[in-house]
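Q: Please take a close look at a single part of this structure. I am new to it, so keep the steps short and say how the pieces connect.

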Amino acid sequence: MTFEELSGDYSAERMDTVAKALEEVLSSALPQGCITVGVYEAAKSLNVDPDNVVLCILATDDEDVKDVALQIHFTLIQAFCCENDINILRVNNTRRLAEILDGSGKQGGEPMDLHCVLVTSPHSSSWKDPALSKVNRFCRESRRMDQWVPIINLPER
């Protein structure tokens, strides 16, 4: 087996591990009320209390790439997160993200805006979640390789 094959296997395995860790983070943050969903809601939350945000997730599907307004929002959110040392991930499966967060992708009958999801730390305690540590480590390692917004594929269930 060549080095490229080994590193490719490692990379795919690493992505699966990070995707599973991200699912765990979202699943544990949701019942604690530590999830903010929506581009505008996320922007408001980032403006009010950026120190409380532990992770920013930007989600797109193939058709979202052509949405210029959304890409501008993403650029501004990414810049803000980088300036405030907030880890950012890009997720390319909004349907799977909806399943993790709600099951239906609807909030009060309306479709959720899953393009931006913030995970905040509960005020009651310092959140020590091994899954969050794994995701944060992945983000740090990605930045060292000049990949400031790494892309994660959430596998279908």
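A: **The salt-bridge network at helix 4**

E99 and R96 share helix 4, sitting 3 residues apart, about one turn of the helix. Their side chains meet in a salt bridge (2.9 Å, N to O). Salt bridges with shared partners join E23, R95, R96 and E99 into one network. Keep in mind that this is a predicted model.

Take E99 again. E99 also forms a salt bridge with R95, and here the closest N and O atoms are 2.7 Å apart. Both residues lie in helix 4, 4 residues apart, which is again about one turn of the helix.

Now turn to R96. The side chain of R96 also meets that of E23 in a salt bridge (2.8 Å, N to O). This pair links distant parts of the chain: R96 belongs to helix 4 (residues 94–101), E23 to helix 1 (residues 3–29), and 73 residues separate them. The search of the whole structure finds 3 salt bridges.

How covered are the four residues? R96 counts as buried because its relative accessible area is 8%, under the 20% cut-off. E23 is buried too, at 10% relative accessibility. R95 is partly exposed, with 48% relative accessibility. E99 is also partly exposed, at 30%.

So the network joins two buried residues, R96 and E23, with two partly exposed ones, R95 and E99.

Terms used:
Residues numbered from 1 in each chain as written. Predicted model: local features only at pLDDT ≥ 70, side-chain atom pairs only at ≥ 80, totals over all residues. Heavy atoms only, no water. Salt bridge = Lys/Arg side-chain N within 4 Å of Asp/Glu carboxyl O. Helix = DSSP H or I, 4+ residues; strand = E, 2+ residues; numbered from the N terminus. Buried < 20%, exposed > 50% of the residue type's maximum accessible area, 1.4 Å probe, protein only.
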